[in-house]
Amino acid sequence: DVTEIEEKEAQAKQEEQIMKEQELSNLLHEKRYLKALGLAISLDRPHTVLTVVKAILREPEGRRQLEENIVRLRKDQKEAVLAFLVTWNTNSRNCHEAQAVMETLLKHEAPDTLLQFSGIKSAVESLLPYT
């Protein structure tokens, strides 16, 4: 009978999830946006990443801070953000944040680098009608 083991594993995963949520909340409160972005991306939470981006943009000099944080992300994190912003861009409430992130990626990444992103072709095809 493995029911007890599975229940313990599920409980451990749930506790870990709660701890990460609390850590994310603390990072946002402390305005440690780079770590907050990284954690939200690792949790695969597009809406949470959007919340972090909105929090950055509300700051004085928010655009500059957004650029600084996006530029410092790893390539795989940038790919994830690109995938997220495709969805954000289709909603008029979130399109400005999506455009701000896209502008940063386009300004700071070489075209050859962008072409190596996974899913770049479908992302561009999806972004064009809304941009």
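Which residues does UniProt list for "domain: U3 small nucleolar RNA-associated protein 13 C-terminal"? In the unreviewed UniProt entry, this domain is assigned to residues 21-131. The structure examined here is a predicted model. Across residues 21-131, helix accounts for 76% of the chain and strand for 0%, and the C-alpha atoms at the two ends lie 32 Å apart.

Side chains of opposite charge can pair when their charged atoms come close. In this model, the count of salt bridges comes to 13. One of them joins Lys31 to Glu59, with 3.3 Å between the closest N and O atoms. This pair links distant parts of the chain, 28 residues apart: Lys31 lies in the loop between α1 (3-29) and α2 (33-42), whereas Glu59 lies in the loop between α3 (46-58) and α4 (62-71). Lys31 is partly exposed, at 48% relative accessibility. Glu59 counts as buried because its relative accessible area of 18% falls under 20%.

The residues on either side of Lys31 are themselves paired, as Glu30 and Arg32 form a salt bridge with an N to O distance of 3.2 Å. Glu30 is partly exposed at 45% relative accessibility, and Arg32 is also partly exposed, at 38%.

A further salt bridge connects Glu103 and Arg63, whose closest N and O atoms are 3.1 Å apart. Here too, distant parts of the chain are linked, with Glu103 in helix α6 (residues 95-108) and Arg63 in helix α4, 40 residues apart. Both partners are partly exposed, Glu103 at 37% relative accessibility and Arg63 at 45%. In addition, Glu61, Arg64 and Glu68 are joined into one network by salt bridges that share partners.

Notes. Residues numbered from 1 in each chain as written. Predicted model: local features only at pLDDT ≥ 70, side-chain atom pairs only at ≥ 80, totals over all residues. Heavy atoms only, no water. UniProt positions renumbered as here; feature names shortened; annotations may be inferred. Helix = DSSP H or I, 4+ residues; strand = E, 2+ residues; numbered from the N terminus. Salt bridge = Lys/Arg side-chain N within 4 Å of Asp/Glu carboxyl O. Buried < 20%, exposed > 50% of the residue type's maximum accessible area, 1.4 Å probe, protein only.
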